[in-house]
Amino acid sequence: MKIAIISGTSGLVGMQLLHQLMKSAQYDFILSIGRRKLALKHAKLIQIDGDLFKLSSWDWEGKVRSESLGGEYHDLLDAIKEKKAEIHAFSSIGTTIKVAGSKEKFYAVDHDLVIGFAAWAKKLGASKFLYVSAMGADATSSIFYNKVKGETEEDLKAFQFDYLGLFRPSLLLGNRHEFRFGEQVATVFMKPLVWLKVAKNLRPIYDYQVAKAMVKTALSSHSSSVEIILSGQMQDLSK
C-alpha cells in the first residue's frame, strides 16, 4: 500500500499537489492534515483537522475512524500501524510576514509547523519527505525569509528520511486567494522570461509545475538521500 500524507493544501502549490496526488494511480490513499477541511471529496482522500501546533498529541487514528462510516479505512490504519505501507510526506506549508502578523509568527508557521509535521510523519513511518522551500533558501542569509527557509531545510535533514527532496521554486504563478503586492509587481517584470524561455532557474514557474515535479520525484528512485531541486529542474520534470 502506498500512502501520501500532505499538509498545506489550502495554499497555491498545496491545492495543485492534492490534485496531482488524487490523479495518480500510484497512491492508494491521501491523508490531508490541516487546520480545517477543504470542501472537497474524493474516494482516496481522507481529511483530518485540528490545531497543527499540537499535531504530536492528536488522536489521528480516532480522527480517521470518524471519517470512515463503513470501516473502509481499516486496512489503511493497519498498514500504518504494522509498518506495511510506503508513506510519502509532502509539505507545502507557508505564509508571509504580512499575513502572519510578525516575524515570530511567520517563523512559527514556516519553520515550526513544517518541522512538527516532519516529526509526526517520521513517527508514522514516512520514508520520503518532499518540502516546498524557496529559491533563495540559505540558513546564513541576511534576508529573514530566506534564512527561515534555509534553517527549515537544515533541520529537516536531521530526521534522516530515506529521501528528502527540497524544492526551491522561483516566483510562483497561479491563482492565490490573497493579494501579494510584491509578487504582483515581480510577476509583471519577470513573466516575459517565461515567454522568452530564458533564465530557467529564475523565470516564474506555475504552481501545477511544482506539484507535478514533486509527485514525479516522490515516485522515482534516488541515488542520494538529500536532493535540492531547482526551478529549472521542476519545469523539466513537469513535462
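Which residue stands opposite G165 in β6? L130 does, and that pairing is a handy way into this model. The model is predicted, so local features need pLDDT of at least 70, side-chain atom pairs count only at pLDDT 80 or more, and totals for chains, interfaces and linings use all residues. Residues are numbered from 1 along each chain as its sequence is written, and side-chain values use heavy atoms, with hydrogens and water left out.

First, the overall picture. The chain's secondary structure comes to nine helices and nine strands; helices (H or I, at least four residues) and strands (E, at least two) are DSSP runs, numbered from the N terminus. Of the 239 residues, 49% count as buried, where buried means under 20% relative accessible area, exposed over 50%, and partly exposed in between (1.4 Å probe, protein chains only). Among contacts with a separation of 6 or more, 66% come from residues 24 or more positions apart; a contact here means heavy atoms within 4.5 Å.

Now back to β6, residues 163-168. Six of its six residues are buried, so the strand is largely enclosed by the rest of the structure. Both faces are covered, with Y163, G165 and F167 buried on one side and L164, L166 and R168 buried on the other. β6 pairs with β5 in the parallel sense over five bridges; two strands pair if DSSP finds at least two bridges between them.

From G165, look across to F90, which sits in strand β4. The C-alpha atoms of F90 and G165 are separated by 9.4 Å, with their positions 75 residues apart along the chain. F90 counts as buried because its relative accessibility is 0%. Setting aside neighbours within four places in sequence, F90 is in contact with a list of residues including A4, I6, L17, Y27, F117, L130 and M214. So L130 turns up again: it is one of the contacts of F90 and also the residue opposite G165.

Next, follow the chain to the loop between β5 (126-132) and α6 (144-157), where S133 is found. S133 is buried, with a relative accessible area of 5%. Its side chain makes a polar contact of 2.7 Å with the side chain of E153. That term covers a pair of N or O atoms within 3.5 Å; within protein, one must be able to donate a hydrogen and the other to accept it, and residues adjacent in sequence count only if both atoms are side-chain atoms. Beyond its neighbours within four places in sequence, S133 is in contact with K149, E153, F167, R168 and P169.

Two loop residues deserve a look for their backbone. Most residues other than glycine have a negative phi. K83, though not a glycine, has a positive phi of about 55°, and Q160, also not a glycine, has a positive phi of about 55°. K83 lies in the loop between α3 (74-81) and β4 (86-91), while Q160 lies in the loop between α6 and β6. K83 is exposed, with a relative accessible area of 53%, and Q160 counts as exposed at 64%.
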